[in-house]
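Thanks, everyone. Let me put the model up, and then I'll walk through its pockets, its cores and one buried residue.

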Amino acid sequence: MPKIVNHEQKRKLIAEAAWKIIKNEGIEKASIRKVAAEAGMSSGALRHYFSTQDEMLLFIMDYFFDAGKKRSDHKEWSKDPLKAVEEVLLELVPIDEEKKIETSVWWIFALRSLTSHALKEKKDELTDGTYELANSMIEILTLKGILSDSVNVELERSRLSALIEGLSFHALLRPDVYTPLKVKEVISYHLKTLCNK
C-alpha cells in the first residue's frame, strides 16, 4: 500500500525548519540542502516542494505572514480607537523576539527582491499591504472624528506607512537606541499629533 503524504504538513515542517535556521544562524544559511537536513528530508525531496531558494523564501514569507495574521486574529484590541490603532501598528514593528524574526526575514526578503523577479510580486503585495493598513488606520481615526482637520490625509497615508517601515528597520539595526519602549513612544506620539484630542 502506498504511503500517504500530507503535503501541507510537510510544507509546515519545511517552513519551521527554515525558521529555526534563520532564527539561529541567519537567513543566508537557509540553503535548500541545510533546510532539507533540518527537516529530516533529502534535498531532492525538498525540491519536490520548492525548486529554488526563492520559491522557498516565498513560502517562508507566507508562513510568517500567516503566523502574524493568526496572532492578530486572536488579539483583544482596545475599545479606544486611538489606542486600538496604536496596537495594530505595534504588530508591524519588531518589539519582541517573534516580531524581530519576522521583520528580519521581511527585510532580507525585500532586499533580495530587488534582484529577483520571482520575489518582486510578493514584495509589492506586502508593501502595498502596509500602505493599505496605514490607510485603514487613518480612516478609523477619521470615522471616529478624532483626526485633526489640518491633516493631509493622502500624505499621511504615505507618511504613516514610511514611519512604520523606518521604525522596523532602525529597531533591527539599532535596538540599543530604538528599544521597544522608544518605538512605542514614537508611534504613540505620532498618532497623538494627528488627533484633535
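First, a term. Helices here are DSSP runs of H or I, at least four residues long, numbered from the N terminus. Keep that numbering in mind, because the element names below follow it. One caution as well: this is a predicted model.

So, the overall picture. The protein has nine helices and zero strands. Read from the N terminus, the order is α-α-α-α-α-α-α-α-α. The C-alpha atoms fill a box of roughly 65 × 40 × 30 Å along the principal axes. The protein has 197 residues, and 41% of them count as buried. Now take the contacts with a separation of 6 or more. Residues 24 or more positions apart account for 64% of those.

On to the pockets. Which element gives the largest share of the lining of the largest pocket? That is α4, with seven residues. The pocket has a volume of about 730 Å³. Its lining comes to 23 residues. Nearest the centre lie F65, E91, L92, L126 and T130. Two or more lining residues come from each of α4, α6, α7 and α8, where α8 spans 153-173. By class, the lining splits into ten nonpolar, six polar and seven charged residues.

Next, the second largest pocket. About 180 Å³ of space lies in it. The lining residues are E8, R11, K12, E16, F59, Y63, D66, A67 and K70. Here the elements giving two or more residues are α1 and α4. Again α4 gives the largest share, this time five residues. What classes do we find in this lining? Six residues are charged, three are nonpolar, and there are no polar ones.

Now the packing. The largest nonpolar core has 32 residues. V35, I60, F64 and V105 have the most contacts inside it. Five elements are worth pointing at on the screen: α1 (7-25), α2 (32-38), α4 (53-73), α6 (97-113) and α7 (117-143) each give two or more residues to this core. Which of them gives the largest share? It is α4, with eight residues. So α4 leads in this core, in the lining of the largest pocket and in that of the second largest pocket.

Zoom in on V105. Leave aside its neighbours within four places in sequence. V105 is then in contact with I22, I27, I60, M61 and F64. Apart from this core lies another, of 23 residues. L89, A134, L147 and I164 are among its members.

Last stop, D54. This residue is found in helix α4. Is D54 buried or exposed? The cut-off for buried is under 20% relative accessible area. D54 has 14%, so D54 is buried. What does the side chain of D54 pair with? One polar contact, of 2.6 Å, joins the side chains of D54 and R112. Another, also given as 2.6 Å, runs from the side chain of D54 to the side chain of S116. Not counting residues up to four places away in sequence, D54 touches R112, S116, A118 and L119.

To recap: nine helices, a largest pocket of about 730 Å³, a largest nonpolar core of 32 residues, and a buried D54 whose side chain makes polar contacts with R112 and S116. That's the tour. Over to you.

Technical notes:
Residues are numbered from 1 along each chain as its sequence is written. This is a predicted model: local features need pLDDT of at least 70, side-chain atom pairs count only at pLDDT 80 or more; totals for chains, interfaces and linings use all residues. Side-chain values use heavy atoms; hydrogens and water are left out. A nonpolar core is a set of buried Ala, Val, Leu, Ile, Met, Phe, Trp, Tyr and Cys residues joined through side-chain atoms within 4.5 Å. Buried means under 20% relative accessible area, exposed over 50%, partly exposed in between (1.4 Å probe, protein chains only). Contact means heavy atoms within 4.5 Å. On a 1 Å grid over the protein atoms alone, a cavity is a set of points where a 1.4 Å probe fits but cannot get out, and a pocket is an open set with protein on both sides within 12 Å along at least five of seven lines; lining residues have an atom within 4 Å of a point. Grid points are joined across faces, edges and corners, and a volume is the space filled by probe spheres set on the points. Ala, Val, Leu, Ile, Met, Phe, Trp, Tyr, Cys and Pro count as nonpolar, Asp, Glu, Lys and Arg as charged, and the others, Gly among them, as polar. A polar contact is a pair of N or O atoms within 3.5 Å; within protein, one must be able to donate a hydrogen and the other to accept it, and residues adjacent in sequence count only if both atoms are side-chain atoms.
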